[in-house]
Amino acid sequence: PAEVQSLSQIVENAQNSLVSIWMKNRNGEGTYLATGAVIGDKNTVLVFDGANLQRNEPYYVRLNDGREVKMERKDEPPFSGMRILGYVEDEAEKPVLKGLKISPLAVEKLGANVVALGSKMDNYVVSTGIIAEFPETTEAAKNSVVTDINLSSSASGWILLNTSGNV
């Protein structure tokens, strides 16, 4: 079994993988869209679909160190209600990003503690709760859980982590 971490350890470890998603207008002015999380080892970013990211649009991903890289929406994500961003082909700087691990939903249990990380612009927000339900298996609910977490803003791009710090 994976090591269970304290809430502060989960947040500290995950913060390095959280990013801000922005869109820029022709004048270079940015509009904040959501918080995302770098996942896996393929330099991809998982972001809440409520940000309404479109294909063939450039998005600017602000890393924790302040750098910005250009990304675009990619293939369908492993979770319902989410989207994946990856580097655009012509992006000059493609830093290697530290990603969070994805834990198979099958190992999670009803009543397990979970942590939601999101943000209000560049300020991170943490909420905790439990897995309250596994929805009936339908295509729309594939790889989803219901929690009792009270989120302060649904548009902030919440990432759900288990007590091992995995997505």
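This is a short talk on the strand pairing, one loop residue and the salt bridges of a predicted model.

I will start with the strands β4, β5 and β6. Strand β5 covers residues 68-73, and β4 pairs with β5 in the antiparallel sense, over four bridges. One position to look at is R62, whose bridge partner in β5 is E68. Five residues lie between the two strands of this hairpin. Among the hairpin residues, G66 has a positive phi, near 95°.

On to the next pairing. β5 also pairs with strand β6, residues 82-87, again in the antiparallel sense, here over three bridges. If you want a position to click on, take E72, which has G86 as its bridge partner in β6.

Now the salt bridges. How many does a search of the whole structure find? The search finds four. I will go through three pairs.

The first pair I will take is K24 with E68, where the closest N and O atoms are 2.7 Å apart. K24 belongs to strand β1, residues 18-24, while E68 belongs to strand β5, so this pair ties together parts that are 44 residues apart in sequence. K24 is partly exposed, at a relative accessible area of 33%. E68 is also partly exposed, with a value of 28%.

Next is R62 with E68. Here the closest N and O atoms are 3.2 Å apart. R62 is partly exposed, with a relative accessible area of 25%. Recall that R62 and E68 are bridge partners across β4 and β5. Which residues are linked with E68 in a network of salt bridges? They are K24 and R62. As a general remark, side chains of opposite charge can pair when their charged atoms come close.

Then there is R67 with D65, whose side chains meet in a salt bridge at 2.8 Å, N to O. Is D65 buried or exposed? D65 is exposed, because its relative accessible area is 51% and the cut-off for exposed is over 50%. R67, at 33%, is partly exposed.

Let me move to the loop. Q54 sits in the loop that runs between β3, residues 44-48, and β4, residues 59-62. Its relative accessible area is 38%, which makes Q54 partly exposed. Which residues does Q54 touch, leaving aside those up to four places away in sequence? Q54 touches Y59 and R73. For Q54 and R73, the separation is 19 residues in sequence, and the C-alpha atoms are 6.7 Å apart in space. To place these two contacts, Y59 is in β4, which spans 59-62, and R73 is in β5, which spans residues 68-73.

Last, the sheet further along the chain. This is an open sheet of four strands, in the order β9-β8-β7-β10, and the pairing is antiparallel. Which strands stand at the edges? They are β9, residues 146-147, and β10, residues 159-162; each has a single partner strand, so one side of each is left without a neighbour in the sheet. The partner of β10 is β7, residues 113-120, and these two pair in the antiparallel sense over four bridges. Within that pairing, L117 stands opposite I159 of β10.

To recap, E68 is the residue to keep in view: it is the bridge partner of R62, and K24, R62 and E68 are linked in a network of salt bridges. That is the end of the talk.

Methods
Residues are numbered from 1 along each chain as its sequence is written. This is a predicted model: local features need pLDDT of at least 70, side-chain atom pairs count only at pLDDT 80 or more; totals for chains, interfaces and linings use all residues. Side-chain values use heavy atoms; hydrogens and water are left out. Two strands pair if DSSP finds at least two bridges between them. Buried means under 20% relative accessible area, exposed over 50%, partly exposed in between (1.4 Å probe, protein chains only). Contact means heavy atoms within 4.5 Å.
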